[in-house]
Amino acid sequence: MRIRSALTALVVVLAGLLVGAGSSTAAGTTTGSAYCGITWGSAEKSAGALSDAPLVDVRTGRHDCYDRVVFEFAGPVDGYAVGYGETWTEGEGLPLSPYTAGGALLRVSLRAPAYDDAHQGTVPYAVGEHVANLLRYPTLRDVVFGGSFEGYSTFAVGVRARLPFRTFVLAGPGGHSRVVLDVAHQW
């Protein structure tokens with residue numbers, strides 16, 4: 001009877017070791033699936049070319065796994081560069097970090113102007129102005145307009161921490177296009 005109990009205990013211990021070995025890496029840390037299936041990373045992302053379609057709207061949204069900023073243009077736009085780091089105002093070169101809430105700062109450079117052919121502004125924001133109310137957003141903390149100069153428009157997007165993000169372009173509605181920035185709630 002004692003031998004049977006000892007063997008049963010040994011089998012239980014070995015089974016526990018095998019299950020534990022299957023869920024850890026060689027370094028002994030537990031592996032897990034990506035948060036919400038997100039595998040975006042936090043490295044800089046850029047694409048596209050310069051466009052003359054003006055920026056006409058900036059809006060934000062909350063989703064289950066990420067927060068979103070949408071930049072809408074009155075025409076086809078596919079150019080952007082987004083990465084973590086200091087953001088400067090267009091034309092003046094003043095840093096926006098002292099005026100942007102958040103633990104980390106995403107520098108958003110859109111390869112399109114925020115003015116029309118007559119050089120009239122197409123968005124109601126002044127340089128340094130906060131663009132959105134982000135109360136109750138899990139990740140986004142601030143969106144600040146950095147200006148538009150020589151066909152480029154800049155925004156500082158303050159986020160809770162340096163988190164994974166993705167950027168992509170959507171066509172529509174109508175002849176418009178949108179550059180979308182999603183920032184994950186966690187790693």
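## Thr-139 and its surroundings

In this predicted model, the side chain of Thr-139 reaches the backbone oxygen of Ala-184 at 3.3 Å, and a polar contact of 2.9 Å joins the Thr-139 side chain to that of His-185. Thr-139 belongs to the loop between strand S5 (104-110) and strand S6 (140-149), and with a relative accessibility of 0% this threonine counts as buried.

Leaving aside residues up to four places away in sequence, Thr-139 touches Asp-67, Gly-158, Val-159, Arg-160, Leu-163, Val-183, Ala-184 and His-185. Ala-184 and His-185 thus appear both among these neighbours and as partners of the threonine side chain, Ala-184 through its backbone oxygen and His-185 through its side chain.

## Aromatic pairs

The structure holds 5 aromatic pairs. In one of them, Trp-40 and Tyr-66 meet edge-to-face, with 5.8 Å from centre to centre and 65 degrees between the planes. This pair links distant parts of the chain, since Trp-40 is in the loop between helix H1 (2-22) and strand S1 (45-47) while Tyr-66 is in strand S3 (residues 66-73), 26 residues apart. Trp-40 is partly exposed, at a relative accessible area of 21%, whereas Tyr-66 is buried, at 16%.

Ring pairs also join Phe-71, Tyr-125, Phe-145 and Phe-155 into a cluster.

## Charged groups over rings

Tyr-66, the buried member of the edge-to-face pair, has Arg-166 over the face of its ring, at 5.4 Å from the ring centre. Lys-45 lies over the face of Phe-165, and here the distance from the ring centre is 3.9 Å.

Methods: Residues numbered from 1 in each chain as written. Predicted model: local features only at pLDDT ≥ 70, side-chain atom pairs only at ≥ 80, totals over all residues. Heavy atoms only, no water. Phe/Tyr/Trp six-rings, centres within 6.5 Å; stacked < 30°, edge-to-face > 60°. Helix = DSSP H or I, 4+ residues; strand = E, 2+ residues; numbered from the N terminus. Buried < 20%, exposed > 50% of the residue type's maximum accessible area, 1.4 Å probe, protein only. Lys NZ or Arg CZ within 6 Å of the ring centre and 35° of its normal. Polar contact = N/O pair within 3.5 Å; in protein donor to acceptor, adjacent residues only side chain to side chain. Contact = heavy atoms within 4.5 Å.
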